[in-house]
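Let's take a friendly walk through a protein together. Have the sequence and the 3D view ready, and turn the model as you read.

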Amino acid sequence: SIPSGRVKPVQALILSLAFYVFALVMVWIFFNPTAFFILLAAIVFGSLYSTHLRDKMGYLSLPLIEGLIFLCGWAALSPSTIFSLLPWYLYLLGVVWQSAHIAAHYVLHIRYDEHNQPVILTPLLFSRPSSRSAAKATLGLLILLFVLSVLLPLLTSLSFIYVIPVILYGIFAIYRCTAFLKTSLDNGKLLRAWSGLSMFRMVISLALIVSVLVFP
């Protein structure tokens, strides 16, 4: 709405601050201080990302911030276990997935000048890799995500309802990202790899929820 002129920047800022305050107040009242301070950290660092970190460090500074949302959700229900292994493992899963997702989408931000040379304004992480290098990073991060998601049942009791769909769809997502790596300038394969990563995250989350509900 801001680019279209329907909302002025000052109005958007005031509205954003109002929502931030409302969310923090609700977390403090209905949950606990641990969740409150994690959410506050996510808001502060998220604001720094928009104003400084994205342009100075790069897009991959965002996953470390977004992962705080997973920790906030955990702390809201079980603040006493926030420093145990499992919530931080789930935080790592979220960070790795978001990093792979961003690495794939990064290729869409590469523009070419009149001499067909790449023009990249925002770094990925302190550097501006080529489309092929970004595709390699996407595949590497996806493989790491696949390994972490398959090893998750070792930390908690998850049934075959979780394991089977995660393995099957994970292999499919790796296939799509491998095809993207072979022709990293093909936007069709890029979008299929990107959507495969999105679906893989959904499969992990849904399989986790169903497995816990069926075998609590």
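Which helices each supply at least two residues of the lining of the largest pocket? Keep that question in mind while we get our bearings. What you are looking at is a predicted model. The protein has seven helices and two strands. If you follow the chain from its beginning, the pattern reads α-α-α-α-β-β-α-α-α. Taken along the principal axes, the C-alpha atoms fill a box of roughly 60 × 50 × 30 Å.

Now back to the question. Helix 3 (62–77), helix 4 (85–106) and helix 7 (187–214) are the ones that each give at least two residues to the lining of the largest pocket. Helix 7 makes the largest contribution, with six residues. The space inside this pocket is about 400 Å³. In total, 19 residues line the pocket, and those closest to its centre are Trp74, Leu90, Leu152, Leu208 and Val212. What kinds of residues make up the lining, by class? There are 15 nonpolar residues, three polar ones and one charged one.

Let's stay with helix 3 for a moment. Its buried residues are Leu62, Pro63, Ile65, Gly67, Leu68, Leu71, Cys72, Ala75 and Ala76. As you look at their numbers, here is a useful rule: an α-helix has 3.6 residues a turn, so residues three or four places apart point the same way. Leu68, Leu71 and Cys72 are among the buried residues to try this on. What do the buried residues of helix 3 pack against? Their partners are helix 2 (33–56) and helix 4.

Next, find Val166 in helix 6 (residues 160–182). Is Val166 buried or exposed? Its relative accessible area is 1%, and a residue under 20% counts as buried, so Val166 is buried. Which residues does Val166 touch, if we leave aside its neighbours within four places in sequence? The list is Phe146, Ser149, Phe200, Val203, Ile204 and Ala207. You can also compare Val166 with Leu206: they are 40 residues apart along the chain, yet their C-alpha atoms are separated by 9.7 Å.

Links across the sequence can be counted for the whole protein too. Among contacts between residues at least 6 apart in sequence, 66% join residues at least 24 apart. Of the 216 residues, 38% count as buried. The accessible surface comes to about 12,400 Å², and 73% of that surface belongs to carbon and sulfur atoms.

Let's turn to charges. Side chains of opposite charge can pair when their charged atoms come close. How many salt bridges does a search of the whole structure find? The search finds one. Arg54 forms a salt bridge with Asp55, and their closest N and O atoms are 3.9 Å apart. Both partners are partly exposed: Arg54 has a relative accessible area of 29%, and Asp55 has 43%.

Our last stop is Phe126, in the loop between strand 2 (118–119) and helix 5 (131–151). Most residues other than glycine have a negative phi. What is the phi of Phe126 near? The value is near 60 degrees, which is positive, in a residue other than glycine. Phe126 is also exposed, with a relative accessible area of 59%. Compare that with Val166, which is buried at 1%, and you have visited both a buried and an exposed residue.

Technical notes
Residues numbered from 1 in each chain as written. Predicted model: local features only at pLDDT ≥ 70, side-chain atom pairs only at ≥ 80, totals over all residues. Heavy atoms only, no water. 1 Å grid on protein atoms, 1.4 Å probe; cavity = no way out; pocket = protein on both sides within 12 Å on 5 of 7 lines; lining within 4 Å. Points joined across faces, edges and corners; volume = space filled by probe spheres on them. Helix = DSSP H or I, 4+ residues; strand = E, 2+ residues; numbered from the N terminus. Nonpolar A, V, L, I, M, F, W, Y, C, P; charged D, E, K, R; others polar. Buried < 20%, exposed > 50% of the residue type's maximum accessible area, 1.4 Å probe, protein only. Contact = heavy atoms within 4.5 Å. Areas by Shrake-Rupley, 256 points an atom, 1.4 Å probe, with all protein chains shown as cover. Salt bridge = Lys/Arg side-chain N within 4 Å of Asp/Glu carboxyl O.
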